[in-house]
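Open the model in your viewer and keep a selection box ready. Each stop below says what to pick and what is there.

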Amino acid sequence: MNRVGLLILIFQLIVAPLLGSPVRVGRISDNLSLNDLARRFNLKVIWLEKDKKVLLKNAQNSLSFEVNKRDFELNDTTVYLGKPVCHIPGSLVISKKDFEKTIKPLLSLDSFTPPPKLHRIVIDPGHGGKDVGAISKQLRMYEKDLTLDIARRLKKLLEEKGYNVLMTRNFDKNIDCEDRCKWANQEKADLLVSIHINSVSQSLSREIQGVESYILTPESQPSTGFKTLTLADKIKNIGNAYDTWNAVLGYDVQNSLHKRTNAQDRGLKRMRLRVLKDLRCPGILVECGFMSHPVEGRLLMSPDYKQKLADAISQGISAYHRHLARPIR
Ligand SMILES: [Zn+2]
């Protein structure tokens, strides 16, 4: 047992029961200290707040973690983990699964299997037909129309870059989420990007805005916003074969999206979505903003902003493509 392992054991057996701590660190073998992570990737450990907030930094990357938080920041983009960051004397720890499924792919793809090819991209404009998605009565706007508009712009941009681009729908038609996924598999897509717009109830509409992206939750991890495992979390989905590449794709798109639009960064999140779980290629669902927000809602109506969103997604896909060829961030 190494020194960190011993410290975790002491913490779990002696300190945590005394504190009545609500934080479950888990088994020693399930965790990795951020000091070890720093050593592995040549990162300097800088405590911003003793035992609470830490920055791991080198010339290329900066990662910031905070105790009890489930998200961390990689180069100013928020990424959600399956478990919260915990504290042990002298270090913060994360789960090994979060290291393997999220952090390692984002820092170095060196040790992974050969990357998938990227030529055929399926764009999925969310909702359609009688499924209108979110509604803004004030702006007289349906989510289904916005998603199709952004998707058409994205198609053009990706085609200009030489990709072969297909759309699950190019008109106002209702398609089941699982059928969208099946169709992308039939068409042998190398990547699927599903476009959506968010909305919240009137009482929260002034507070909540920004962009977020979703990728498939790895097996035996809870999705973002869920604390415990459900039965569905214990099943390995077909799409989980692409966990590594999903992490890279998700990060690159979310990073580009919030930086190029200046929208609030709500992070890269995990969800077992029907449009993603049986996908035989990497896939992402992008929430391009909140139509319920008084300012962001109006922005989403503007052709310039829709173009900006499409451009940001397209640039994110290009960054992902570059990472497939050159796997060190
Ligand atoms: Zn939607």
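**S220.** Select S220 in this predicted model. Is S220 buried, exposed or partly exposed? S220 counts as partly exposed, because it has 13 C-beta neighbours inside 10 Å; 20 or more would be needed for a buried residue. Look for S220 in the loop between β14 (211-215) and α6. Check the backbone there: phi of S220 is positive, about 60°, although S220 is not a glycine. Most residues other than glycine have a negative phi.

**K188.** Stay with backbone angles and select K188. K188 is another residue other than glycine with a positive phi, near 55°. K188 sits in the loop that runs between α5 (177-186) and β13. K188 has 11 C-beta neighbours inside 10 Å, so it counts as exposed.

**β14 and β15.** Return to β14 and add strand β15, residues 265-270. In which sense do β14 and β15 pair? The pairing is parallel, over 4 bridges. To find the register, pick S213: it stands opposite L268 in β15. Now colour β15 by burial. Of its 6 residues, 6 are buried, so β15 is largely enclosed by the rest of the structure.

**α6 against α3.** Select helix α6, residues 243-261, together with helix α3, residues 96-107. Their axes come within 8 Å and cross at roughly 65°. The crossing of α3 and α6 is right-handed. Which residues make the contact? From α3, show K101, T102, P105 and L106; from α6, show D243, T244, A247, V248 and Y251. By class, this contact of α3 with α6 holds 5 nonpolar, 2 polar and 2 charged residues.

**α6 against α9.** Keep α6 and swap α3 for α9 (303-325). Here the packing angle is about 140°, and the axes of α6 and α9 are 8 Å apart. The crossing of α6 and α9 is right-handed. On the α6 side, the residues to show include V248, L249, D252, V253 and N255. On the α9 side, they include K308, L309, D311, A312 and I313. The contact of α6 with α9 has 10 nonpolar, 6 polar and 4 charged residues.

**α3 over the sheet.** Go back to α3 and turn to what is beneath the helix in your selection. α3 lies across β1 and β8, and runs at about 70° to β8. How many strands form this open sheet, and in what order? There are 3, in the order β1-β8-β7, with antiparallel pairing. The edge strands are β1 (31-33) and β7 (86-88), each pairing on one side only. Neighbouring strands in this sheet are turned by 40° against each other on average, direction ignored. Zoom in on β1 and strand β8, residues 91-95: they pair over 3 bridges in the antiparallel sense. For a marker of register, show S33, which stands opposite V93 in β8.

**L118.** Follow the chain out of α3. L118 is in the loop between α3 and β9 (120-125). L118 has 19 C-beta neighbours inside 10 Å, so it counts as partly exposed; a buried residue has 20 or more. Leaving out residues up to four places away in sequence, L118 touches D190, L191, H321 and L324. Draw a distance from L118 to L191: C-alpha to C-alpha it is 7.1 Å, across a separation of 73 residues in sequence.

**α8.** Select helix α8, residues 294-301. Which of its residues are buried? Show E296, G297 and L300. Look down the axis of α8: these buried residues fall within an arc of 105°, so they line one face of the helix. An α-helix has 3.6 residues a turn, so residues three or four places apart point the same way. Now rotate to the face of α8 turned away from the buried side, where the exposed residues P294 and V295 are carried. What covers the buried residues of α8? The cover includes β10 (135-136), α4 (143-160), β13 (191-198), β16 (283-290) and α9.

**The whole chain.** Zoom out and show everything. The protein chain has 9 helices and 16 strands. Of its 329 residues, 46% are buried. Among contacts between residues at least 6 apart in sequence, 71% join residues at least 24 apart.

Notes:
Residues are numbered from 1 along each chain as its sequence is written. This is a predicted model: local features need pLDDT of at least 70, side-chain atom pairs count only at pLDDT 80 or more; totals for chains, interfaces and linings use all residues. A residue is buried if 20 or more other C-beta atoms lie within 10 Å of its own, exposed if 12 or fewer, and partly exposed in between; C-beta atoms are placed from the backbone. Helices (H or I, at least four residues) and strands (E, at least two) are DSSP runs, numbered from the N terminus. The arc is that of the directions from the helix axis to the C-beta atoms. Two residues are in contact if their C-beta atoms, placed from the backbone, lie within 7 Å. Axes are lines fitted to C-alpha atoms, for helices over the stretch in contact, and angles run from 0 to 180 degrees between N-to-C directions. A crossing is left-handed if the near helix is turned anticlockwise from the far one by less than a right angle, and right-handed if clockwise. Ala, Val, Leu, Ile, Met, Phe, Trp, Tyr, Cys and Pro count as nonpolar, Asp, Glu, Lys and Arg as charged, and the others, Gly among them, as polar. Two strands pair if DSSP finds at least two bridges between them.
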